[in-house]
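Student: I've got a model open and I'd like to learn how to read it. Could you walk me through it?

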Amino acid sequence: MVEMAEQQAEQQQEQVRGSHAFRRLLRSCHLTDSYGPVLVMIVVTYALATTLSQRWGVTILLFAQMATVWLALRISVARRGLRLAVGGLFIVTAVAAVVNLLADGGSHFVALVFTPASILYLVAPFSIVRRIGYRQKVDAETMLGALAAYLFIGMAFAFAYRFIGAVQTAPFFGSRGDGTVSQDLFFSFVTLTTTGYGDLVPAGNPGQSLAVLEALTGQLFLVTAVTKIVSAWRPRSWPGPRPDAEQTPDRSDQ
């Protein structure tokens, strides 16, 4: 009886901790410079893109993408002009999502509806990088913001590959066909990190040129933004002086 009571007490404590974590996540959606929820939404959209292949699934994915970009712009305090421009893209994306749900335009139309999503996912990292660039200190939220921007870039290029495969006459991956959304995401992040497995390769331009641009963008982002942030960030639990801490003069030399 005592063991059962202890197990029930532990389960109740775990439920309380889980509810508190969920509440903190919801509260962070209303805060600026809190990029944890953005990362959660990016993971959700990635999972939807790789699992939902039905027509209604694409519509759900588009609305999830709009919610992700809106949250990123809100947390990064995007400028008013950028918000107005993105608002127009939101309208185009919503219309495309509804048309895709009501009318069957075929696989080419499904690929074309990812065009505004690609632009939205390319706009969001600029707003995040601008925001974290003005932060006076480098902390965990700065790291999460840089990671979110990096993932946004990879997904933006993936949707761009999807668009190119829809508008050009030749298959995007040659003998492998135009590929699926899951394959486009895989190829995009492999290219962004310059891993280069070689199983999926664009058959011609503009896909090849876009892949080169993505590889350069990924490396420049890692070398400039991420490297600088990582070198300056030191968690409070680590021993030694923090990089952003003020250096006190050595009185022994006086």
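Tutor: Let's go from the overall fold to a surface patch and then a pocket, keeping in mind that this is a predicted model.

Student: Which secondary structure does the protein chain have, helices or strands?

Tutor: Start by counting elements, then read their order. Here there are nine helices and zero strands, so the pattern along the sequence is simply α-α-α-α-α-α-α-α-α.

Student: And how much of the protein chain is buried?

Tutor: Buried means under 20% relative accessible area. Of the 254 residues in the protein chain, 37% are buried.

Student: Which residues form the nonpolar patch on the surface?

Tutor: For a patch, ask who is in it and which elements they come from. This one joins Trp56, Ile60, Phe63, Val98, Leu101 and Leu102, with about 590 Å² of accessible area together. Helices α3 (55–75) and α4 (80–102) each give two or more residues to the patch.

Student: Why is Leu101 called partly exposed?

Tutor: Partly exposed runs between the 20% and 50% cut-offs. Leu101, which lies in helix α4, is partly exposed because its relative accessible area is 41%.

Student: What lines the second largest pocket?

Tutor: With a pocket, take the volume, then the lining. This pocket holds about 210 Å³ of space. Its lining has 11 residues, and the closest to the centre are Ile132, Gly133, Val138, Lys228 and Ile229. Two or more lining residues come from each of α6 (114–133) and α9 (207–232), with α9 giving the largest share, four residues.

Student: How many of the lining residues are nonpolar, polar or charged?

Tutor: Sorted by class, the lining has six nonpolar, two polar and three charged residues.

Notes: Residues numbered from 1 in each chain as written. Predicted model: local features only at pLDDT ≥ 70, side-chain atom pairs only at ≥ 80, totals over all residues. Heavy atoms only, no water. Patch = residues over 30% accessible without salt bridge, like charges linked within 9 Å, V, L, I, M, F, W, Y side chains within 5 Å. Areas by Shrake-Rupley, 256 points an atom, 1.4 Å probe, with all protein chains shown as cover. Salt bridge = Lys/Arg side-chain N within 4 Å of Asp/Glu carboxyl O. Buried < 20%, exposed > 50% of the residue type's maximum accessible area, 1.4 Å probe, protein only. 1 Å grid on protein atoms, 1.4 Å probe; cavity = no way out; pocket = protein on both sides within 12 Å on 5 of 7 lines; lining within 4 Å. Points joined across faces, edges and corners; volume = space filled by probe spheres on them. Nonpolar A, V, L, I, M, F, W, Y, C, P; charged D, E, K, R; others polar.
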